[in-house]
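Hi everyone, thanks for coming. I'll walk you through one structure today, so have a look at it first and then we'll go piece by piece.

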Amino acid sequence: MSILTEKIKPSATLSINTKANELKKKGINVLSYAVGEPDFDTPKHIKDAAIGKILEGKTKYTPTGGIPELKDEISKKFKKDNNIAYSADEIFISAGAKITIYEALLSVINPGDEVIIIEPYWVSYPEIVLLCGGIPKFVRTDENFEINTDEIEKNLSSKTKAIIINSPSNPSGAVISEKTTRKLADIVIKHNLYIISDEIYEKIFYGNFKPVSIAALPEMKERAITVNGFSKSYAMTGWRLGYVGAPKDIINEMKKVEMQTVSCIPYFIQYAGVVALQGPQDCVEEMKKKFEERRDYVVKLARKIFSCNVPDGAFYIFPNHSDYSKDSIRFSGFLLENAKVAVVPGIAFGENFNKYIRISYATSIENLKTGFDAIEDALKKFKQ
Ligand SMILES: Cc1ncc(COP(=O)(O)O)c(C=O)c1O
């Protein structure tokens, strides 16, 4: 097999979910807190819009990089929500945020270039960097999952080309403060780097913790690649629709990759995106409200057992289980076997997080109660 793909690990979160589904098929009642997708259905007006376009026969190839109607809506969205003025030729649409991160990195790094990844990180970042021929360099956050910009500076080398940030973060739920965002911008400018800002959980933040887009800061638009998509905000994970805003020369490179691989995204899917952005946004607010209620509930439950930070965004808690075990794989295996609850071991999000598990609260309050009762019960017999 290729040395490039041999280096790549399968996605830990998708693998655990598959394991939980296999147990379910055998008739074992497993509750999965491992999955990273909203449990809500895609809003009906969005589904109807796509169905309408299929029936109209809008089922042919589309322009690589996105249809003008959707680029136009995304451009307005960037201006309104993020205060960034991206024109249509600075916007690129593809099959989910994940592939756009790959295409963007492929466009800006050369083999051997280093990319700074903040730990704990979303499981796909290191693998995407490796797939692009780059070298991931990890910089860990503090116990409150806050980024230490001095640590980033210490880890820069002549080969560093880019930094990837994610706010709100998967898995920690931390939102990067405006002050830290400004410090990050200073580093990027001073060292002539790119920054990939993954803003996929942008709409799911609580209280005053609205994330800031780094591309909106002075001199940053030409250095930032702003990644977003429909998966989390509009409960559209299976539609595979994501986008980036970036300088035109990067977009042109990304387009070449897309042309020779994916070609284009179906019209009816992109039209669903147009309707999602143009239509009423109450569905987004309602989902966020539900997530907030669940966050408050699950943090209370988790704190009876673990040490657990209060996340300011996304739909995960990332508790520390070191009172029980320092091995997250063993601990997650124990929970699956004894409590019939699937969680993701912290080591999947970075070597330094082997005493943590990620629990997704994109599930009902009833499911959270049932699972945490079972966890509490099972832990009575846990032996170190
Ligand atoms: C931080 C982060 N970025 C990107 C993605 C992928 O989003 P998409 O479904 O648009 O590919 C995910 C999905 O779990 C994620 O957690």
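Before I sort any residues, here's how the classes work: Ala, Val, Leu, Ile, Met, Phe, Trp, Tyr, Cys and Pro count as nonpolar, Asp, Glu, Lys and Arg count as charged, and the others, Gly among them, count as polar. And please keep in mind that what you're looking at is a predicted model.

Let's use those classes right away, on the second largest cavity. Which residues line the second largest cavity? Going along the chain, we have K77, E202, K203, N228, G229, F230, S233, Y234, Y243 and L277. Sorted by class, that lining gives four nonpolar, three polar and three charged residues. The space in there comes to about 40 Å³.

So how many cavities of 30 Å³ or more does the structure hold? Two. The largest one has a volume of about 60 Å³, and its lining is made up of I165, S167, I176, T181, S197, E199, P211 and V212. By class, that's four nonpolar, three polar and one charged. If you want to practise, try sorting those names yourself.

Okay, on to the ligand. There are 13 residues around it, and the closest are A97, D198, S231, K232 and R240. The shell splits into five nonpolar, four polar and four charged residues.

Which ligand atom sits 2.6 Å from an N or O atom in the side chain of D198? That one is a nitrogen. With S231, an oxygen atom of the ligand is 2.7 Å from a side-chain N or O atom. N170 has a similar story: a ligand oxygen lies 2.8 Å from an N or O atom in the N170 side chain. And how much of the ligand does the protein bury? On its own the ligand exposes 400 Å², and the protein buries 92% of that.

Hold on to N170, since we meet this residue again in the backbone. N170 and P171 are joined by a cis peptide bond, with omega at about 20 degrees. P171 is in the loop between β5 (160-166) and α8 (178-190). There's another cis peptide bond between E119 and P120, where omega is about 5 degrees. You'll find P120 in the loop that runs between β3 (114-119) and α6 (124-131).

One more backbone detail. F145 isn't a glycine, yet its phi is positive, about 65 degrees. Where is F145 found? In the loop between β4 (135-140) and α7 (149-154).

Last stop, a sheet. A quick reminder: strands of a sheet pair through backbone hydrogen bonds, either parallel or antiparallel. Here three strands make an open sheet, ordered β9-β12-β11, and the pairing is antiparallel. The edge strands are β9 (316-317) and β11 (344-345), and each of them pairs on one side only. Between β9 and β12 (residues 357-360), the antiparallel pairing runs over two bridges. To spot it on your screen, look for Y316, which stands opposite S360 in β12.

That's my tour. If you take one thing home, make it N170: its side chain has an N or O atom 2.8 Å from a ligand oxygen, and a cis peptide bond joins N170 to P171. Happy to go back over anything.

Conventions: Residues numbered from 1 in each chain as written. Predicted model: local features only at pLDDT ≥ 70, side-chain atom pairs only at ≥ 80, totals over all residues. Heavy atoms only, no water. Near = heavy atom within 4 Å. Polar contact = N/O pair within 3.5 Å; in protein donor to acceptor, adjacent residues only side chain to side chain. Areas by Shrake-Rupley, 256 points an atom, 1.4 Å probe, with all protein chains shown as cover. Pairing = 2+ DSSP bridges. Helix = DSSP H or I, 4+ residues; strand = E, 2+ residues; numbered from the N terminus. 1 Å grid on protein atoms, 1.4 Å probe; cavity = no way out; pocket = protein on both sides within 12 Å on 5 of 7 lines; lining within 4 Å. Points joined across faces, edges and corners; volume = space filled by probe spheres on them.
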